[in-house]
Amino acid sequence: MSLLQLAASGEPLKVHPLGSQTLDDDDVVLAKQWLKQPEQWYEKDIVAQYEETFARWNGSQYAFAFASGREALSACLAALHLEPGDEVVLPGYTCVVVPNALVFAGLNPVYADIELDTFGPSAESVFECMTARTKAVLVHHLYGLVSRDYEEITRECRKRGIPVIEDCAQATGAELHGRKVGLLGDVAFYSSEQSKVFNTIQGGVAVTENAALASVLAQIQSKAPWPNRSYVNGLLHQIIRNYYRFKHPRRLWRGSFAELLHGGHRVISTTNADERGEQPLHYGRSLAAPQAALGLNQLSKINDYNQQRRDTAARWEKWCLKRGYTPPLVTPGSLPVYLRYPFLAEPAVKADPSWSKKELGVELGVWFVSQLHPAKNRPVPGCPNAETAVARCVNFPTLMS
Ligand SMILES: *Cc1c(COP(=O)(O)O)cnc(C)c1O
């Protein structure tokens, strides 16, 4: 049965909430095993193995694992030797932790507008924002789509000698002309935060094709502190909790039991302090061994999950067309991974997303709720398309059974 038929027949779709979508019982086995061997949490071998595997899978020369995508971004900024006061052009529609990482490094964010086909930075706006003070440009790939102006921006920046940073946090595995995103720029980062394409609860990878940048990244990483034990412990419990609460076939009764056993260790990705732009106490950390082990397991399944996401997206595309909504653009030559299926709806549809649950049985996503998501107190003027996306961009889940 198709998704639409299922929804129409009143049979509830099984949609697994963010945080559990790509978790399976094999991830739980790993988490339980690592909880029993805390003496191995800070062993570098498995982290190196994860980096090698990620690099090979991604088609990258070099990969370095960090405790989160944002910390991987901070390492990228340091590797580029940007100086305090340098300007970095980035989209005015992003996660607040992205400009935060720039500000922590003393850099000045300059916000370019986005286009509304793929929600990427608009080449026209990026070029308008570039001045003699611009020392880097950040492009992103949101919702698992490949940004429309990706090639144009990277080509022009290369011509001008301006390094490009790629934010691939939502697009791990997406491709353009048969190559993964993250390879056209100078440095790129990915996220395995629990709401992203693959899941180590928290985690990030920085990649580069450039040997000189790689040697700086290697140095930064070798000095990066490990995340502390209570944090690693919390992550492992969260894997187990999320699986049993949200993904296990009999989660209705297993879930509350798991909540009792593992619910005391909640990990929050973006805190109020992040929203205010304050640097966390623990920042710039490496990835711990258990997360690398989980990352390896997740990588062994990521292609299958991404294919499932594409299959679901094809159904949402039909739904959009039938309802008179414009589907997102598949940039010519690209293979998206559809972390979510975004489209522009009327502001009222976004303001009260409850219709989706009633009509389709799925929770409508409202990323982004502000230009520097989820911070609402940090306005970014001069980006009319980004404002439109905040008012109108909603998204459907792409992993369900
Ligand atoms: C999640 C996200 C990040 C940050 O990744 P973390 O692993 O949560 O630090 C950066 N950029 C975008 C677009 C994201 O969605």
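This passage walks through the salt bridges, the ligand site and one enclosed helix of a predicted model.

A good place to start is with the charged side chains. Side chains of opposite charge can pair when their charged atoms come close. In this model the count comes to 16 salt bridges. One of them joins Asp24 and Lys247, whose closest N and O atoms are 3.3 Å apart. Asp24 lies in the loop between helix 1 (3-8) and helix 2 (25-35), while Lys247 belongs to helix 9 (residues 229-247), so this pair ties together parts that are 223 residues apart in sequence. Both Asp24 and Lys247 are buried. For Lys247 the relative accessible area is 13%, and because buried means under 20%, the residue falls in that class. The two side chains are also joined by a polar contact of 3.3 Å. Nor does this pair stand apart from other charged residues: Asp24, Asp26, Asp27, Lys247 and Lys301 are linked in a network of salt bridges.

Another salt bridge brings together the side chains of Arg148 and Asp117, with 2.8 Å from N to O. This pair, too, links distant parts of the chain, with the two positions 31 residues apart in sequence numbering. Arg148 sits in the loop between strand 5 (134-140) and helix 7 (150-160), and Asp117 in the loop between strand 4 (108-112) and helix 6 (123-129). Here the partners are partly exposed: the relative accessible area is 34% for Arg148 and 32% for Asp117. Both values can be placed by the cut-offs, because partly exposed covers the range between buried, under 20%, and exposed, over 50%. Arg276 and Glu278 form a further salt bridge, and their closest N and O atoms are 2.8 Å apart. Glu278 counts as partly exposed as well, at 38% relative accessibility.

Turning to the ligand, 15 residues surround it, and the closest are Gly69, Arg70, Asp167, Ser191 and Lys196. Several side chains place polar atoms by the oxygens of the ligand. In the side chain of Arg70, an N or O atom is 2.7 Å from a ligand oxygen. For Gln170, a polar side-chain atom lies 2.8 Å from an oxygen atom of the ligand, and for the side chain of Lys196 the corresponding distance is 3.0 Å. The ligand on its own has 380 Å² of accessible area, and the protein covers 97% of that. The space that the ligand takes is the largest pocket.

Which elements each supply at least two residues of the shell around the ligand? They are helix 4 (69-79), helix 5 (97-104) and strand 9 (187-191). Helix 5 deserves a closer look. Six of its eight residues are buried, so helix 5 is largely enclosed by the rest of the structure. The buried residues in helix 5 are Val97, Val98, Pro99, Asn100, Ala101 and Leu102. After helix 5 comes Gly106, which has a positive phi, near 80°.

Taken together, the picture has two main parts. On the charged side, Lys247 of helix 9 pairs with Asp24 within a network that also includes Asp26, Asp27 and Lys301. On the ligand side, the shell draws on helix 4, helix 5 and strand 9, and the protein covers 97% of the accessible area of the ligand.

Notes:
Residues are numbered from 1 along each chain as its sequence is written. This is a predicted model: local features need pLDDT of at least 70, side-chain atom pairs count only at pLDDT 80 or more; totals for chains, interfaces and linings use all residues. Side-chain values use heavy atoms; hydrogens and water are left out. A salt bridge is a side-chain nitrogen of Lys or Arg within 4 Å of a carboxyl oxygen of Asp or Glu. Helices (H or I, at least four residues) and strands (E, at least two) are DSSP runs, numbered from the N terminus. Buried means under 20% relative accessible area, exposed over 50%, partly exposed in between (1.4 Å probe, protein chains only). A residue is near a molecule or strand if one of its heavy atoms lies within 4 Å of it. A polar contact is a pair of N or O atoms within 3.5 Å; within protein, one must be able to donate a hydrogen and the other to accept it, and residues adjacent in sequence count only if both atoms are side-chain atoms. Accessible areas come from the Shrake-Rupley method with a 1.4 Å probe; for residues, only the protein chains shown count as cover. On a 1 Å grid over the protein atoms alone, a cavity is a set of points where a 1.4 Å probe fits but cannot get out, and a pocket is an open set with protein on both sides within 12 Å along at least five of seven lines; lining residues have an atom within 4 Å of a point. A molecule sits in a cavity or pocket if more than half of its atoms lie within 2 Å of its grid points.
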